[in-house]
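The following exercises concern a single protein chain. Each task is followed by a solution that proceeds step by step.

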Amino acid sequence: MPIVTFQPSGKTMEIDDATTLREAAHLAGVNVHDRCGGLGACCNCIVTVVDGAEHICPKTVIEEAVFYLDPQDRLSCQCKITGDVTVRVD
Ligand code: FES
């Protein structure tokens, strides 16, 4: 099962395949500022992918529409995970 590591806290969470980064953060007790409850509407649940980008689904249409996302940034509620990933939450 994939392991997600959250920086800077260093918390880790082992999750099922296809779990989102937002769900993993909740399980780990990490706040990703998900104000819309994962509906893809608030665009606040940004995480920066540090390692394992190849284990995250491609950017969704919702993410592509958010002009202020840096290339390594993702909306955690849109990211399904298939392998180990490390992300930074600011
Ligand atoms: S939780 Fe609102 S866009 Fe992700």
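## Exercise 1: Residues with positive phi

At 31% relative accessibility, H33 counts as partly exposed, where buried means under 20% relative accessible area, exposed over 50%, and partly exposed in between (1.4 Å probe, protein chains only). The model is predicted, local features need pLDDT of at least 70, side-chain atom pairs count only at pLDDT 80 or more, and totals for chains, interfaces and linings use all residues. Residues are numbered from 1 along each chain as its sequence is written, and side-chain values use heavy atoms, with hydrogens and water left out.

Task. State the phi value and the place of H33, then treat C43 in the same manner.

Solution. Step 1: H33 has a positive phi of about 60°, although it is not a glycine. Step 2: the residue H33 lies in the loop between α1 (21-28) and β3; helices (H or I, at least four residues) and strands (E, at least two) are DSSP runs, numbered from the N terminus. Step 3: C43, also not a glycine, has a positive phi near 60°. Step 4: C43 is placed in the loop between α1 and β3. Step 5: the relative accessibility of C43 is 15%, so this residue counts as buried.

## Exercise 2: The chain as a whole

Task. Determine the order of the secondary structure elements and compare the radius of gyration with the globule rule.

Solution. Step 1: the chain contains two helices and five strands. Step 2: read from the N terminus, the elements follow the order β-β-α-β-α-β-β. Step 3: the radius of gyration is 11 Å, close to the 12 Å that the globule rule gives for 90 residues, so the chain is as compact as a globular protein of that length. Here the radius is taken over C-alpha atoms, and the rule is 2.2 Å times the number of residues to the power 0.38. Step 4: the C-alpha trace spans about 30 × 25 × 20 Å along its principal axes. Step 5: 46% of the 90 residues count as buried. Step 6: among contacts between residues at least 6 apart in sequence, 55% join residues at least 24 apart, a contact being heavy atoms within 4.5 Å.

## Exercise 3: Surroundings of V50, A53 and D73

Task. Locate V50, A53 and D73, and give the C-alpha distances that relate A53 to Q72 and to D73.

Solution. Step 1: V50 belongs to strand β3 and is partly exposed, its relative accessible area being 43%. Step 2: apart from neighbours within four places in sequence, V50 contacts Q7, T86, V87 and R88. Step 3: Q72 is 22 residues from V50 in sequence, with 7.8 Å between their C-alpha atoms. Step 4: A53 is in the loop between β3 (46-51) and α2 (61-64) and counts as partly exposed at 47% relative accessibility. Step 5: the C-alpha atoms of A53 and Q72 are 8.3 Å apart, with a sequence separation of 19 residues. Step 6: D73 lies in strand β4 (residues 73-75) and is buried, with a relative accessible area of 8%. Step 7: D73 and A53 are 20 residues apart in sequence and 10 Å apart, C-alpha to C-alpha. Step 8: not counting residues up to four places away in sequence, D73 touches I46, V47, T48 and K59.

## Exercise 4: A cis peptide bond and a buried loop residue

Task. Identify the conformation of the peptide bond from Q7 to P8, and list the contacts of T20.

Solution. Step 1: the bond from Q7 to P8 is cis, with omega near 0°. Step 2: P8 is found in the loop between β1 (3-7) and β2 (12-14). Step 3: T20 is located in the loop between β2 and α1 and is buried at a relative accessible area of 9%. Step 4: leaving aside neighbours within four places in sequence, T20 contacts S76, C77, C79, K80 and I81. Step 5: T20 and S9 are eleven residues apart along the chain, and 19 Å separates their C-alpha atoms.

## Exercise 5: The aromatic pair

Task. Classify the geometry of the pair formed by F67 and Y68.

Solution. Step 1: the structure holds one aromatic pair. Step 2: F67 and Y68 form this pair, with 5.2 Å centre to centre and 85° between the planes, which is edge-to-face. Rings of Phe, Tyr and Trp (its six-membered ring) pair if their centres lie within 6.5 Å; planes under 30 degrees apart count as stacked, over 60 as edge-to-face and the rest as tilted. Step 3: F67 is exposed, with a relative accessible area of 76%, whereas Y68 is partly exposed at 42%.
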